[in-house]
Amino acid sequence: MKLRKLLLVVMSLCLVVLMAGCGGSDKKEAPAAKTGEKITVGFSVSTLNNPFFVTLSDGVTEKAKALGVDVQTLDAGNDPAKQANDVADLIQHKVNVLLINPVDSAAIANSVEAANKAGIPVLMVDRASDGGQVVSLIASDNVKGGEMAAQYIIDKLGSNVAVAEMEGIPGASATRERGEGFHKLADSKLNIVAKQTAEFDRTKGLTVAENILQANPEIQAIFAHNDEMALGAIEAAKSAGKQVFIVGFDGTEDGIKAVKDGSMAATIAQQPKLMGEQGLEAAVKAVKKEAVADHIAVPLKLVTK
């Protein structure tokens, strides 16, 4: 009887040890590529219906080719729900690393956390995630860019002029940060009479700008959070027969062309191809467990005529 009790105690202790060893965490190890096996990067891009992100995607693809790695690119079509499904698919396919350009910084957090549990490293490009563990954010200083836009309007038109702000997609970190930078100066030195989202879209930018200009004929300047909305605002100003000082953000090919022909006053130019290249390079380093900075800043520049 004593021997039986002793055996039961020993078995119980063994079971406790086994449970402690197995149940301490549900986080798995990253699916590292085997020796001689190609690294696969899962790249989720917010949209390929915007020239900026097409160029960013080209940077990712070209750098991947140069480094000899595979890329699975999925276009979220500016739909947070589709992006969540896309990332889930990439996790299911056991990619070695995820590079994500989120539609919505808050909505993507659950996907980042799912990748964390699967042991897949995650890097963000152009926009941040509001949650989960991220190896690195590869992006321009959007706050500084917003300040640059406000300062340029002040330098050229003076203080207290009536301005409108056309905002990007609500929830995107770029929208928050560009607005934050703009308001650092604009709130005290400019007269912001209107602000409204046009979701980084040219067609919506046209409609929003038409409504804003009709309701606020005193507007002298518009700051748009990207060039696509700025280009829509240019068409709205032309239709209204108004001369409006328009500043965009991104430095896309169409945006820079508009600056050079004088229809846009300036654009805060990012370098999307370089951003994509640096994002892909950092993703490969993460798989190889090499050191990666938690924030890789891509330089901005003010482009004027």
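The following exercises, each with a worked solution, concern a predicted model.

**Exercise 1. Strand pairing**

Determine which strand is joined to strand E1, and describe the direction of the pair.

*Solution.* Begin with the two elements: E1 covers residues 40–45, and E2 covers residues 70–75. Next, consider the links between these strands, which are six bridges. The strands E1 and E2 run parallel. As a particular case, take Ser44, whose bridge partner in E2 is Leu74.

**Exercise 2. The connection between the strands**

Identify the unit that E1, helix H2 and E2 make, and state its handedness.

*Solution.* Locate helix H2 at residues 51–67. Then take E1, H2 and E2 together: they make a β-α-β unit. The handedness of this unit is right-handed.

**Exercise 3. A salt bridge in helix H3**

Describe the contact between Lys82 and Asp86, and classify each residue as buried, partly exposed or exposed.

*Solution.* First, place the residues: both belong to helix H3, which spans residues 80–92. Lys82 and Asp86 are four residues apart, about one turn of the helix. Second, examine the side chains, which meet in a salt bridge with an N to O distance of 3.0 Å. This distance satisfies the cut-off of within 4 Å. Third, assess accessibility. Lys82 has a relative accessible area of 35% and is partly exposed. Asp86 has a relative accessibility of 7%, so it counts as buried, the limit for that class being under 20%.

**Exercise 4. A salt bridge in helix H8**

Carry out the corresponding analysis for Lys238 and Glu235.

*Solution.* Both residues lie in helix H8, residues 227–240, with a spacing of three residues, about one turn of the helix. The closest N and O atoms of their salt bridge are 3.9 Å apart. Lys238 has a relative accessible area of 54% and is therefore exposed, since that class requires a value over 50%. Glu235, at 39% relative accessibility, counts as partly exposed.

**Exercise 5. Lys204 and Glu199**

State the N to O distance in the salt bridge of Lys204 and Glu199, and classify both residues by accessibility.

*Solution.* The side chains meet at 2.4 Å, N to O. Lys204 is partly exposed at 39% relative accessibility. Glu199 is likewise partly exposed, at 31%.

**Exercise 6. The count and a network**

Give the count of salt bridges, and name the residues that are linked in a network with Arg202.

*Solution.* The count comes to 11 salt bridges. In the network, Arg202 is linked with Glu228 and Asp254 by salt bridges. As a general principle, side chains of opposite charge can pair when their charged atoms come close.

Definitions and conventions: Residues numbered from 1 in each chain as written. Predicted model: local features only at pLDDT ≥ 70, side-chain atom pairs only at ≥ 80, totals over all residues. Heavy atoms only, no water. Pairing = 2+ DSSP bridges. Right-handed = clockwise from strand over helix to strand, strands pointing away. Buried < 20%, exposed > 50% of the residue type's maximum accessible area, 1.4 Å probe, protein only.
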